[in-house]
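The following exercises concern the structure shown below. Each task is followed by a solution that proceeds step by step.

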Amino acid sequence: MIVTLIVVCEVGFWVLLAAGLAARYLLKMPRTGIALLLCEPLLEVLLLVVTAIDLKNGADPSWKHGLAALYIGYTVGHGHRTVKWLDGHAAHRLGGAPRPPKPPRYGMARARHEGRVWLGSVTAAAVASGLLLLAALYVGEDGNTDGLYGWIFVAWRSAGIHGLIALSYALFPRKAPEEASALPARDPEHVPDLLVRRTSKDEEQV
């Protein structure tokens, strides 16, 4: 049941997102669009409530409860950024707004961007860990909580791997390609052959 609800929440997230953007930019109903977008957190609340009820009814903590906590954490950490990115493109495609700026590709600007995205993964890991700890306390010492603690390790391991990738952009910043100079080179051998032949013909005519 928990896995099915996670799938339903994921599908519902994209359905509400598409409906909200369509109402906002196609139907010219911005208030309705915002209301639909604000309904998305209710999906995570529903998943949290069902998970707690499942544990209260005597279900043994399993990977399904850990997966639910990770899903909620990911939505909290990265959901806002995803919605903002899609809203910017919808405003450009459907509402005539300017094209949203692309993330920086080179240098420390790219490193700072990757660092901000990594903070979303840290937030996701922290939220998931908090939910898993609350679930473990809720179950108590009589229940099997090893699986819940194991998912905490999974959450922070994922955030750590993402952090190493983000750090690599700061330690080894990618350089922007150098633009070719529009001025001709001083030495003839550095000038394209066509330009050399044209210059030679002009000198013969003189």
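Helices (H or I, at least four residues) and strands (E, at least two residues) are DSSP runs, numbered from the N terminus. The model is a predicted one, in which local features need pLDDT of at least 70 and side-chain atom pairs count only at pLDDT 80 or more, while totals for chains, interfaces and linings use all residues. Residues are numbered from 1 along each chain as its sequence is written, and side-chain values use heavy atoms, with hydrogens and water left out.

**Exercise 1.** State how many helices and strands the protein has, and give the order of its elements.

Solution. The count gives seven helices and zero strands. Read from the N terminus on, the order is α-α-α-α-α-α-α.

**Exercise 2.** Determine how helix α1 and helix α2 are arranged.

Solution. Axes are lines fitted to C-alpha atoms, for helices over the stretch in contact, and angles between N-to-C directions run from 0 to 180 degrees. Step one: the axes of α1 and α2 (residues 30-38) come within 7 Å and cross at roughly 165°. Step two: angles under 35 degrees count as roughly parallel, over 145 as roughly antiparallel, 65 to 115 as roughly perpendicular and the rest as oblique. Therefore α1 is roughly antiparallel to α2. Step three: a crossing is left-handed if the near helix is turned anticlockwise from the far one by less than a right angle, and right-handed if clockwise; the crossing of α1 and α2 is left-handed.

Step four concerns the contact (heavy atoms within 4.5 Å). From α1, Leu16, Leu17, Ala19, Gly20, Ala23 and Arg24 meet Pro30, Thr32, Gly33, Leu36 and Leu37 of α2. For the classes, Ala, Val, Leu, Ile, Met, Phe, Trp, Tyr, Cys and Pro count as nonpolar, Asp, Glu, Lys and Arg as charged, and the others, Gly among them, as polar. The contact of α1 with α2 thus has seven nonpolar, three polar and one charged residues.

**Exercise 3.** Apply the same steps to α1 with α4, and to α3 with α5.

Solution. Helix α1 (residues 2-26) packs against helix α4 (residues 63-95) at an angle of about 15°, and their axes are 10 Å apart. The two helices are therefore roughly parallel to each other. Their crossing is right-handed, and the residues of the contact divide into 19 nonpolar, two polar and four charged.

For helix α3 (residues 40-56) and helix α5 (residues 107-139), the axes come within 10 Å and cross at roughly 25°. This makes α3 roughly parallel to α5, and the crossing of α3 and α5 is right-handed. Leu48, Ala52, Leu55 and Lys56 of α3 make the contact with Leu131, Ala135, Tyr138 and Val139 of α5. By class, these are seven nonpolar, no polar and one charged residues.

**Exercise 4.** Is cysteine 9 buried or exposed, and how many disulfides are there?

Solution. Buried means under 20% relative accessible area, exposed over 50%, and partly exposed in between (1.4 Å probe, protein chains only). Cysteine 9 has a relative accessible area of 1%, so cysteine 9 is buried. Cysteine 39, at 30%, is partly exposed. A disulfide is a pair of cysteine sulfur atoms within 2.5 Å, and the count by this rule is zero.

**Exercise 5.** Describe the surroundings of threonine 75.

Solution. Threonine 75 lies in helix α4. With a relative accessible area of 16%, threonine 75 is buried. Leaving aside residues up to four places away in sequence, threonine 75 touches Glu44 and His80. In the protein as a whole, buried residues make up 31% of the 206 residues.
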